[in-house]
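The exercises below are to be worked with the sequence and the coordinates at hand. Each task is followed by a solution in steps.

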Amino acid sequence: MNKIRAVIVEDSRLARNELKVLIKKHGGIEVVGEAENVESGFDLIQLQRPQLLFLDINMPEKDGFELLEMLDEVPITVFTTAFDEYAIKSFDYNALDYLLKPINAKRFALAIEKVLSALEKDEGKSVSSREELTDNSQIFIKEGEKCWLVKIGDVWLFEIVGNYTRVYFKDEKPLLYKSLNKVEEKLPSRSFFRANRQQIINVNFIQSVVPWFNGKLKITLQNDIEIEVSRRQSYIFKDKMSL
Amino acid sequence: MQLSIKKRNLIFWMLQLAGWGFLNIVSVFILKELSFEFLIFSLVGGVLIGIFTTTLLRLYLKRNVLFENFGFKEIIKIVISYLVTSAIYGASNIAFGYFYIKFGPALTEDDLGILKNYDKIGLIVFNALFIIFVWLVCYLIIKLLLKFNADRIERLELNSTLKQAQLNTLKGQINPHFMFNSLNNIRGLMLEDVEKSRDMLTKLSEMLRYSLTKTDVNAIVLEEELEMVDNYIELAKIQLEQRLKYVKKIDPKSLLIPIPPMIIQLLIENATKHGISNLKAGGVITLKTEAKQKELIIQVRNSGRLQLDKNSTQLGLSNIRQRLRLLYGDKASFSLEEADNEVIANIKIPLS
């Protein structure tokens, strides 16, 4: 089996060494790069496209959360921190694991096990150098004190709010600080469709499509939300779905 | 429970009404039967006079008598105001009586019997002096009780802020983040330099011991605090490595001056945490002490900018301020400012 490709972002050299010793002992992981701050960590992740990220929270100038916010796609992330951070606990679901420094070897092995099973589940997830996200890609959203790690396939609607984008998934709808056009560029075109100037929908969530006025279409999503498709986009939609 | 002014006023008026109402009702019924008109008149008149005169008295006492700084002068004021109020009270009573005779309905025998008393000046004077005296005593007792209560609450609050301050110093002692990072770094350091790791473990132990034992001490010689600071810097350096540079300019005359423990330490910690560790390229921390004729000056400077708003509870800073105030009152000072990309913290402690 191939080794998991991991990147370490941590400002203390000694702490990086410590972590590398643990990783080496474990055997299943290959460290493909390390960075000592968020900026160089960002470049490194863009370049290496790792499957796993060990991320310190407290770093100079920008913290670990800010790194995740900068990324279009977030690899499986394990936070390393010296002290229980309230921020980690603010996570909605247990999408991210965290290890307390100095790291207990048993606890480390457990975290890696979780990572492995997550990787197996999403076979397509191993982040390649492709430009487009997949349904299994994760994005990180932080609004105020709350953080979400969202699987693209779970999102049923993206909607314009000023210069930003509201992301609807499950019962949540946090604000992503990116424009809808920027978001659209990265979305998997097989699953997502620009219904009109304001909205992008996930076609996997469509329940019914009915003709509306002026050659427009009205789409009802599984949660009974109705979306009006603009005329221009309606033609494209019909074409695409060969209606 | 501390009463608000609004509540106090409400209670005052209720007591006034109840007291004067009760007094007048009782006095009217004790006396022989009166005509209905005269009864009502006496009742209403008596209550009005009582409330009016004593409210005036209260107004005067509130404005002019300092209960916080009670002395001979205040007693004189109270006695004079008491006599004046009694005089007004008595005069008003007489005036009301004559008013009734002149404009009221015809008098019965009994009414006349009562009104005759108004001519006995001695009775009027005694009556006024007695009633106003009773009122004044009641007023002063209530006032005193309220003041005792307020004082007690103030004392309790002061006590709890003192405790809070002590608690804060305890909290500020060793930052858990720093401690665990240090332990982790020492662990990493063992892989490359065992001798240095051993040394660092000793320094961390010394810091822990210092913070565990010096918490209830109010003063410590500067030299001892400096050792603690050196330990801290050494430990911070294994985390920050070449990013942290430390410069000391210590006035030898300052070494034996007693200072509150953990104060320099907290400044250095702030300079490291909010200053140097936020800079990718790192920076310099400079500690300077200077013993002047009348005061000790402690200055900590660090590269970086002052960011008070971001991610900081400022627990450390308010801790320093609070302790300096508790120990030295207004004579000590603490300032934090930014100049030329440097954050400068200044503490001045008076030399007694």
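Two strands count as paired if DSSP finds at least two bridges between them. The model is predicted, and every value below is computed from it.

**Exercise 1. Determine how strands β8, β9 and β10 of chain A are connected.**

Solution.
Step 1. Take β8(A), residues 155-161, and β9(A), residues 164-169: 6 bridges join them, and the two strands run antiparallel. To fix the register, note that A:L157 stands opposite A:Y168 in β9(A).
Step 2. Look at the link. β8(A) and β9(A) form a hairpin with 2 residues between them. In the turn, A:G162 has a positive phi of about 60°.
Step 3. Move on to β10(A), residues 175-176, which is joined to β9(A) by 2 bridges, again antiparallel. Because at least two bridges are required for a pair, these 2 bridges meet the criterion. Here A:T165 stands opposite A:L176.
Step 4. The link between β9(A) and β10(A) is a hairpin with 5 residues between the strands. A:K170 in this turn has a positive phi of about 45°.

**Exercise 2. State the strand order of the open sheet in chain B, and place the helices that pack on it.**

Solution.
Step 1. The sheet has 5 strands in the order β2-β4-β5-β7-β6 (chain B), with mixed pairing.
Step 2. The edge strands, each pairing on one side only, are β2 (244-250) and β6 (333-339) of chain B. On average, neighbouring strands are turned by 10° against each other, direction ignored.
Step 3. At one edge, β2(B) pairs with β4(B), residues 283-291, in the parallel sense over 7 bridges. One register point is B:K245, whose bridge partner in β4(B) is B:V284.
Step 4. Helix α8(B), residues 222-240, packs on the sheet and touches β2 and β4 of chain B. The direction of α8(B) makes about 165° with that of β2(B).
Step 5. Helix α9(B), residues 263-275, lies across β4, β5 (295-303) and β7 (342-350) of chain B. With respect to β5(B), α9(B) runs at about 15°.

**Exercise 3. Classify the packing of α8(B) and α9(B) by angle and handedness.**

Solution.
Step 1. Two packed helices are described by the angle and the distance between their axes.
Step 2. For α8(B) and α9(B), the axes come within 9 Å and cross at roughly 20°.
Step 3. Angles under 35 degrees count as roughly parallel, so α8(B) is roughly parallel to α9(B). The crossing of the two helices is right-handed.
Step 4. List the residues in the contact. α8(B) contributes B:E225, B:M228, B:V229, B:Y232, B:I233 and B:A236. α9(B) contributes B:I264, B:Q265, B:I268, B:E269 and B:T272.
Step 5. By class, the contact has 7 nonpolar, 2 polar and 2 charged residues.

**Exercise 4. Is B:L296 buried or exposed, and which residues does it touch?**

Solution.
Step 1. B:L296 is located in strand β5 of chain B.
Step 2. Count the neighbours: 21 other C-beta atoms lie within 10 Å of B:L296. The threshold for a buried residue is 20 or more, so B:L296 is buried.
Step 3. Leaving out residues up to four places away in sequence, B:L296 touches B:S254, B:I257, B:T289, B:A291, B:I349 and B:L351.
Step 4. Compare sequence and space for one pair: B:L296 and B:A332 are 36 residues apart in sequence, and 9.5 Å apart in space from C-alpha to C-alpha.

**Exercise 5. Describe the side of chain B that touches chain A.**

Solution.
Step 1. 18 residues of chain B are in contact with 14 residues of chain A.
Step 2. On the chain B side, the elements that give two or more residues are α6 (176-189) and α8. The largest share, 10 residues, comes from α6(B).
Step 3. By class, this side has 7 nonpolar, 8 polar and 3 charged residues.

**Exercise 6. Tabulate the two chains by elements, burial and contact range.**

Solution.
Step 1. Chain A has 7 helices and 15 strands, while chain B has 10 helices and 7 strands.
Step 2. Of the 243 residues in chain A, 34% are buried. Of the 352 residues in chain B, 27% are buried.
Step 3. Consider contacts between residues at least 6 apart in sequence. In chain A, 50% of these join residues at least 24 apart; in chain B, 75% do.

How values were computed: Residues numbered from 1 in each chain as written. Chains lettered and ligands numbered in written order. Predicted model: local features only at pLDDT ≥ 70, side-chain atom pairs only at ≥ 80, totals over all residues. Helix = DSSP H or I, 4+ residues; strand = E, 2+ residues; numbered from the N terminus. Axes fitted to C-alpha atoms, helices over the stretch in contact; angles between N-to-C directions. Contact = placed C-beta atoms within 7 Å. Nonpolar A, V, L, I, M, F, W, Y, C, P; charged D, E, K, R; others polar. Parallel < 35°, antiparallel > 145°, perpendicular 65-115°, else oblique. Left-handed = near helix turned anticlockwise from the far one by under 90°. Buried ≥ 20, exposed ≤ 12 C-beta atoms within 10 Å, placed from the backbone.
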